[in-house]
Amino acid sequence: MRAIEVAADGEPDAERAFFVADLSYVYRQHIRWKTLLPEVEPFYAVKCNPDPYVLRLLAALGTGFDCASNGEISQVLSLGVDARRVIFANPCKPFSFVRQSAKAGVDMMTFDNTDELYKVARGHPGAKLVVRILTDDSKSLCRLGLKYGAPLVTVPALLAKAKELNLNVIGVSFHVGSGCFDSDAYSDAIARARMAFDMGKAAGYDFSLLDIGGGFEDATFERAASILKQSIQTHFPVREGLRIIAEPGRYYVSRAFNLAVNVIARRAPSAAESGSRETDVDSEQPSIMYYINDGVYGAFNCIMFDHQSPQPYVLSLKGSFHVPASEPLSACSVWGPTCDSIDVVCPVTQLPRSLSVGDWLAFENMGAYTICAASQFNGFQVSNVIYTTGGGFGSAEVREALTSGKA
């Protein structure tokens, strides 16, 4: 598949940065999920990476989709996905979005406050509501509980109001935070969900859905799956009629996307400058500065928004893909292309001093919360994607892009 338009050699943007997406990795992650959590239906969190080929693959594999806006819902439904495979998992939606959801046939949606119930009663009275409860997300990269989630003490009143408005609440959802490295958080959350189920029974509801949210990390997935299965068995021993879903995002795509960037400029002090107090503005700043053609306003927004610290390695050195392991390294800094001093990708990293303009660097694990939030600040284009099925940077089309600027 040809997914990038790179200008011919000598034309503007000939050295444009690009992603390499391995769709076979997304498939393998799905098989891994179905093996370790066979009772839990994955509803992919579209916001993590709405790449059209990722969505098509997951749709073909039968996953559901966690959408947060009309735009995401439209993108998913345009692929032929049944509206019953979509959950509108945004607890605070514009009223127009609620009405449009009703028109699109998307009935499952979350809430965590009384005002949302009034909106749903007016705009989508036939909705199948899921109350989102607050859980402990203190050990996650992104603490979503700062913004969403009803404390358990408020749940009875919310359910009473839903009953009063003649709304159908079908279950409970939670989210332990994006990028959760403490798998024990799922155990605590399942226990809280059990209490919310009991509150539902007291309010006159018979809940049939448990949404265990997202936060799944590739490195800790086995442990998280084990804890979840044990906790579900403990708190929901009888599961007849109970549907369990989850909202994984980065789990599917983080490691499926890598990024190739071109060294577009270099600053290194001359012998005379090395001792100059004028040029030595910050004595702790590495003296060699490399500038690349993607930055924090583009794919590396994950540094600011997702608390990531991506580190590069050398793809090509002086036109060769064979970089000697003995190549000496030095403390360097890596900067994005925009005219803004906050556009720093790596304040300090180890790279060869011998890198030149035109050489290529690579960053791994760039599939989550990168492309989706990239901007065109300063007129720089968002990096495009080359799709592979296992070849990575070693595939012929990727090597061609690196050497000739054509793909």
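**Salt bridges across the chain**

A search of the whole structure finds 16 salt bridges, a salt bridge being a side-chain nitrogen of Lys or Arg within 4 Å of a carboxyl oxygen of Asp or Glu. The model is a predicted one, in which local features need pLDDT of at least 70 and side-chain atom pairs count only at pLDDT 80 or more, while totals for chains, interfaces and linings use all residues. Residues are numbered from 1 along each chain as its sequence is written, and side-chain values use heavy atoms, with hydrogens and water left out. As a general matter, side chains of opposite charge can pair when their charged atoms come close.

One of these pairs is formed by R32 and E222, whose side chains meet at 2.8 Å, N to O. Because R32 belongs to helix α1 (residues 23-36) and E222 to helix α8 (residues 221-235), this pair ties together parts that are 190 residues apart in sequence; helices here are DSSP runs of H or I with at least four residues, strands are runs of E with at least two, and both are numbered from the N terminus. E222 has a relative accessibility of 41% and counts as partly exposed, a class that lies between buried (under 20% relative accessible area) and exposed (over 50%), computed with a 1.4 Å probe on protein chains only. Both residues also belong to a network of salt bridges that links R32, D218, E222 and R255.

Helix α8 takes part in a further pair, in which D184 forms a salt bridge with R223, the closest N and O atoms being 3.0 Å apart. This pair links distant parts of the chain, with D184 in helix α7 (residues 184-202) and R223 in helix α8, 39 residues apart. D184, at 41% relative accessibility, is partly exposed, and R223 is likewise partly exposed, at 48%.

A strand is involved where the side chains of D66 and K47 meet in a salt bridge at 3.9 Å, N to O. D66 sits in strand β3 (residues 64-67) and K47 in the loop between β2 (40-45) and α2 (52-61), the two residues being 19 apart. D66 is buried, at 4% relative accessibility, whereas K47 is partly exposed, at 34%.

Turning to contacts, K163 lies in helix α6 (residues 155-164) and is partly exposed, with a relative accessible area of 39%. Leaving aside neighbours within four places in sequence, K163 is in contact with A203, G204 and Y205, where contact means heavy atoms within 4.5 Å. K163 and A203 are 40 residues apart in sequence, yet their C-alpha atoms are 7.7 Å apart in space.
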